[in-house]
Structure formats: structure tokens, C-alpha cells
Amino acid sequence: MVIPQYLVDFEAGQLPVVDTDVIVIGSGIAGLFTAIKASEKERVILITKKSMLESNTRYAQGGIAAVISEEDSPVYHRQDTLLAGAGLCSSEAVDILVNEGPEGVKELMMLGTAFDLENGELALTKEGAHSHRRILHAHGDATGYEIVRALSEQAGAHPNIEVWDNHYVIDLITEENECLGALVQRPDGQRVFLRGNATILCSGGAGQLYRYTTNPEVATGDGVAIAYRAGAILRDMEFIQFHPTSLCYPGAPRFLISEAVRGEGAVLRNIKGERFMSKYHELLELAPRDIVARAIVSEMEATGASIVYLDITHEDPEKVRSRFPTIYETCLGYGLDLTADWIPVAPAAHYMMGGVRVSHHGETSVHRLFACGEVSSTGVHGANRLASNSLSEAIVFGRRIIQRIGELPPRTRTGETVAYHDGRLAPAPSSLVERRLDLQKTMVRRAGLRRTAEGLAKGITELERHQAIFSQALHTREEWEYANMLTCALLLAKSALAREESRGGHYREDFPERSDEKWRKHLLWQRDKGMLEETSDDV
Ligand SMILES: Cc1cc2nc3c(=O)[nH]c(=O)nc-3n(C[C@H](O)[C@H](O)[C@H](O)COP(=O)(O)OP(=O)(O)OC[C@H]3O[C@@H](n4cnc5c(N)ncnc54)[C@H](O)[C@@H]3O)c2cc1C
């Protein structure tokens with residue numbers, strides 16, 4: 001697989017240069033929060049490829065996990081996280097998350113996020129695989145929207161933060177393994193060299209690699225591919241979380257029906273109306289997500305249906321409506337009444353556990369390049385993410401990144417001699433919309449919820465047929481996004497083929513057991529070294 005260092009030819013010295021202290025790429029929770037924190041002492045430019053409000057974060061429903069209740073303890077949160085992570089979490093990273101999470105949540109509240117209250121106290125709910133009530137939420141089921149609202153108001157008004165929306169980061173500009181900034185395309189097509197003392201990649205996940213996903217269109221894995229081209233180490237690419245319950249109804253998008261609905265008592269039924277989770281796990285509907293998702297697929301196959309039902313009709317309708325206003329209204333828009341109807345659902349790609357490997361202070365293996373949020377691999381999630389840990393992870397590790405950036409010496413390189421000429425002249429194919437769809441279908445069929453060596457090998461061959469894109473002249477956002485998706489898809493499928501066991505978000509039908517003896521380790525990728533291995537520190 002020959003992936004070039006840059007997607008386009010350029011000479012940094014010929015580009016307009018814009019200088020700042022800290023560059024933040026992305027406007028989800030990780031980008032907005034780190035930008036606000038950095039702006040206390042530094043000038044920040046925050047770039048986002050659509051509007052500031054569009055991101056995975058905006059759609060987060062269930063909430064944010066933190067130990068708030070006196071009945072709970074970091075010890076329990078730690079246990080639950082490690083159990084979900086299936087032997088591949090970094091125990092140190094998990095300790096950091098559970099101990100620093102409550103402070104992080106307080107900080108979010110100080111920045112204006114209004115979490116729901118019950119009798120004057122923070123309302124806490126429980127989600128799958130959490131042993132205690134520790135999920136804070138906002139407007140019932142619009143937690144992400146509330147966080148983005150509060151943080152974007154702060155970021156938009158801050159004199160030290162300049163927001164570049166509808167701008168696209170094509171690549172990072174590096175010299176001798178040091179990140180000097182980013183090559184950015186402005187909305188009018190002009191390219192600039194945005195230069196900074198530190199760059200924080202907060203570009204989110206890659207749900208769009210799959211035909212069925214809960215993620216919005218911006219989640220194309222750009223940051224993972226960009227970091228890979230820049231030489232950063234990636235980790236755990238094979239672990240993808242499929243959410244068990246996305247709405248599956250003609251004409252409707254794969255809208256997420258939050259785990260919290262099951263937390264509040266909803267049960268799953270196959271199309272014959274039978275409740276089935278007792279056949280699969282003692283925690284029933286609140287079993288870990290991968291188990292619930294695969295159980296649903298087994299039931300769909302056994303009954304010859306493409307859906308199962310989520311049933312919360314036995315709960316108090318008023319409570320359901322007030323607890324889940326967004327889900328209630330959205331379903332109603334398609335003629336489905338959550339309080340009276342069983343809701344048709346099916347699994348969909350939801351969350352990327354792996355990503356750009358970072359230290360406990362968010363440093364990647366490229367100097368001055370940090371990664372935060374879903375694009376990063378902190379080690380918190382291991383092979384499977386515990387529900388609602390991702391929003392807390394972004395805050396906790398975001399705070400640590402800002403501490404570390406404060407200690408960075410000033411940059412001495414200007415980067416103005418960096419240039420890249422690959423002599424690429426062949427135009428990109430005109431049928432990129434179809435190619436993107438083909439890639440998404442290949443990923444569902446070959447590298448989805450259930451994988452086999454044969455299917456993965458076929459998938460890799462199908463993907464590799466399109467590798468010519470890496471030696472073609474790419475000029476548009478659609479072309480760069482496709483190249484990024486193809487990069488992520490290939491790395492994911494190759495890691496999944498190599499990992500001959502089943503664990504967390506990676507299930508191999510031909511190796512259905514977990515093998516700690518052989519596979520208590522991570523698969524890494526680095527552009528000039530290929531696939532590497534690293535022992536897990538989950539003890
Ligand atoms: C439907 C849904 C529900 C969820 N519910 C929960 C929940 O209840 N609790 C929980 O903890 N987690 C939840 N998650 C997961 C969680 O929302 C995400 O993991 C988290 O919000 C990621 O935040 P982020 O800041 O890392 O990335 P995002 O919020 O995805 O933001 C990424 C940003 O990067 C920008 N970007 C990407 N590439 C480029 C580029 N090349 N140039 C410029 N900008 C770029 C995007 O435009 C976007 O602004 C949910 C996810 C989804 C999709």
C-alpha cells in the first residue's frame with residue numbers, strides 16, 4: 001500500500017502564511033474545549049470543515065459519564081471501563097479518566113453547559129455495562145447539542161479564538177518529525193500554510209466508512225489518515241463499535257436510539273415479539289454493546305427479518321416523553337410513537353475505538369502534534385468503549401494537552417522550505433459518489449459486525465482496486481475525503497485480518513474466542529514501517 005506523504009503538491013514558501021500559537025482542527029467537544037482552554041494564554045485558530053455546530057458531538061444523546069453520586073466511586077467506574085475494554089485498555093489512562101472526570105464535568109458546567117437536574121441535584125442515569133448511575137445528560141436526550149451550544153457560544157465570543165468554518169485541512173506540514181502547522185483550503189479555494197507552535201487534531205471519528213452509521217457526513221476519518229501521512233503512529237484500528245439500536249425505517253436516516261432508553265427499561269423483541277436477550281447475556285438489554293449488536297443480528301437471521309423491535313411501551317408515557325424528547329419527536333416524525341409502538345431498529349457503525357496513539361498528555365509520536373477526542377487512541381477504550389466515556393475522555397485529556405502545550409518551547413523552524421512534488425497529473429475518477437458508496441458497502445459486508453479471513457481478504461482486494469487515487473491529482477474536498485476513507489478502510493481491514501481472535505468490537509467468526517495468550521497486544525501502523533505490535537498494559 002503506497003500512501004504518499006501529502007495528498008497534493010505544494011511549496012510552503014509560495015503559500016500565504018498565517019501565524020498563530022495553537023491550531024485546533026475540529027469543532028466537536030474536543031476542539032471547542034481545547035480551543036477555549038488554550039485561549040486563556042494563547043492565540044488560537046479553530047478550523048472546521050462545515051459549520052461550527054456540525055460534528056458527532058452535536059448528536060450525542062445519552063450523556064457524559066463521571067462519578068458524581070456518593071454511592072458510586074472511581075473504583076467502580078474503573079472496573080466497568082476495564083471490563084468493557086476486554087483486556088486492551090491502558091489501566092493508567094483509565095485511572096486518569098475516572099479520577100479526573102468529575103473535575104472535567106465541573107469545568108463544562110462552568111463554561112455554561114446545563115445538565116438536567118432532579119430535585120435540585122444533577123440527574124444521573126445508567127447505561128449499558130455501567131454498574132452505577134453516573135451518566136449526566138441535558139434536555140433529556142440532547143446532551144451533545146447542549147455541550148456544543150455552550151462551548152461554541154464561548155469559543156465564538158472569545159477574543160483569542162478565530163474560527164475558520166467551512167475550511168478543510170488537507171494535510172499537516174511537517175519537517176523532521178515536527179509538526180509546523182497545516183495545509184488548509186479556504187472556502188474560496190485558496191490554500192494557506194497555517195503555522196502554529198502546537199497543533200491539536202480533534203477531527204472526530206470515521207463512521208462514514210460504513211453504509212449504515214449513526215455518524216454525520218463529516219465523520220470520514222480525515223484526521224486518522226492525515227496523521228498517518230504525517231508519520232504518526234496509529235493504534236487499534238480494527239476495533240469499531242456498532243451501536244445496537246439505530247432506527248431502521250423506510251425513509252428515515254439511521255437515527256440513534258440511545259442506550260439510555262434501555263437503561264430506563266426498554267426491552268428488545270424479535271419480529272415474533274419474543275424478548276431474546278436472556279439467551280445471550282446475564283445483563284440482558286444492558287449487556288456490552290458488541291454483545292447486544294451481535295445478538296440482534298443473530299435474531300434477525302433466525303427470523304429472516306432486517307430489524308428487531310425496541311419496546312418501552314410499558315413505561316409511563318409522560319416519563320418517556322420528558323426523558324427522551326428528541327427521540328420521541330424524531331420517531332413521531334416517521335409516524336412511530338415511542339410510548340405506544342415498538343420501534344424498528346438495527347445495528348449501525350457508531351464509534352472508532354482506535355486512532356492516533358497518544359501519551360497521557362495527548363502527544364502523538366510527531367513532535368508538536370496532539371490528538372484529542374475520537375480521533376485519538378488514549379488507551380481508555382481498549383477493544384470496546386463503555387457508553388458515555390467518550391465525551392468525558394475528550395475533556396479529561398483535553399485539559400492535559402493544554403498543560404503540556406504550556407510547557408512547549410517556542411518553535412524554531414519556519415517550515416518555509418518544505419515542499420512536495422509528486423508529479424501527479426492523472427485526474428481523479430469522476431464517479432466518486434459511487435466509489436464512496438461502494439467502499440461503504442464493502443466495509444459493511446467484509447469488515448462489519450462479523451468478520452472472517454475470507455471476507456476480509458476479499459474486502460482488501462476490493463479496496464485495493466481503487467488505490468490509484470493515491471497517485472492521481474486531487475483537487476477537491478470530495479477527492480481528499482475519499483482518499484482518507486480509503487486509507488482508513490485499508491488499515492482497518494488489514495488489522496482485522498491480522499487479529500485472529502474475537503475481542504470487544506472485533507468479532508471473527510473463524511476465531512470466535514478471545515485469546516489472551518496470543519492477542520493481549522495492540523496492532524499499530526506507521527507509514528514508513530507498516531504494521532507493528534505493542535504489548536497491552538491492561539493488567
Ligand atoms: C449519534 C451519536 C450519539 C452519541 N452519543 C454519545 C453519548 O451519549 N455519550 C458519549 O460519551 N459519546 C457519544 N457519542 C460519541 C461522541 O459523540 C463522540 O465520540 C464525540 O462527540 C467525538 O467528539 P470529537 O470532538 O472528538 O469529534 P466530533 O464531535 O466528531 O468533531 C469532529 C470535528 O472535526 C471536523 N473535521 C474533521 N475533519 C476535518 C478536516 N479535514 N478539516 C477541518 N475540520 C475537520 C468536523 O467537521 C467536526 O467539527 C455519540 C456519537 C453519535 C454519532
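**Figure 1. Surroundings of the buried residue R424 in the predicted model**. With a relative accessibility of 9%, R424 falls below the 20% limit and therefore counts as buried. R424 is situated in the loop that joins β23 (419-420) to α12 (432-447). A polar contact of 3.4 Å links the side chain of R424 with the side chain of D9. Leaving aside residues up to four places away in sequence, R424 touches P4, Y6, L7, V8 and D9, together with F470, S471, Q472 and A473.

**Figure 2. Packing of helix α13 against helix α14**. The view shows α13 (residues 453-464) and α14 (residues 477-498), whose axes lie 9 Å apart and form an angle of about 155 degrees. Angles over 145 degrees count as roughly antiparallel, and α13 and α14 are therefore described in this way. Their crossing is left-handed. On the α13 side, the contact is formed by A453, L456, A457, I460, L463 and E464; α14 contributes L486, A489, L490, A493, K494, A496 and L497. Of these contact residues, 11 are nonpolar and 2 are charged, while none is polar.

**Figure 3. Crossing of helix α6 and helix α14**. Helix α6 (residues 222-229) crosses α14 at roughly 80 degrees, and the two axes come within 8 Å of each other. Since angles of 65 to 115 degrees count as roughly perpendicular, α6 and α14 are therefore assigned to that class. The residues that meet here are D222, V224, A225, Y228 and R229 from α6 and E481, N484, T487, C488 and L491 from α14. This contact comprises 5 nonpolar, 2 polar and 3 charged residues.

**Figure 4. Environment of L194 in strand β13**. L194 belongs to β13, which spans residues 191-195. Its relative accessible area is 0%, so L194 is buried. Not counting residues up to four places away in sequence, L194 touches V18, T20, I23, I45 and I47, as well as W164, L180, G181, A182 and V184. R508 is separated from L194 by 314 residues in sequence and by 43 Å in space, taken from C-alpha to C-alpha.

Notes:
Residues numbered from 1 in each chain as written. Predicted model: local features only at pLDDT ≥ 70, side-chain atom pairs only at ≥ 80, totals over all residues. Heavy atoms only, no water. Axes fitted to C-alpha atoms, helices over the stretch in contact; angles between N-to-C directions. Helix = DSSP H or I, 4+ residues; strand = E, 2+ residues; numbered from the N terminus. Parallel < 35°, antiparallel > 145°, perpendicular 65-115°, else oblique. Left-handed = near helix turned anticlockwise from the far one by under 90°. Contact = heavy atoms within 4.5 Å. Nonpolar A, V, L, I, M, F, W, Y, C, P; charged D, E, K, R; others polar. Buried < 20%, exposed > 50% of the residue type's maximum accessible area, 1.4 Å probe, protein only. Polar contact = N/O pair within 3.5 Å; in protein donor to acceptor, adjacent residues only side chain to side chain.
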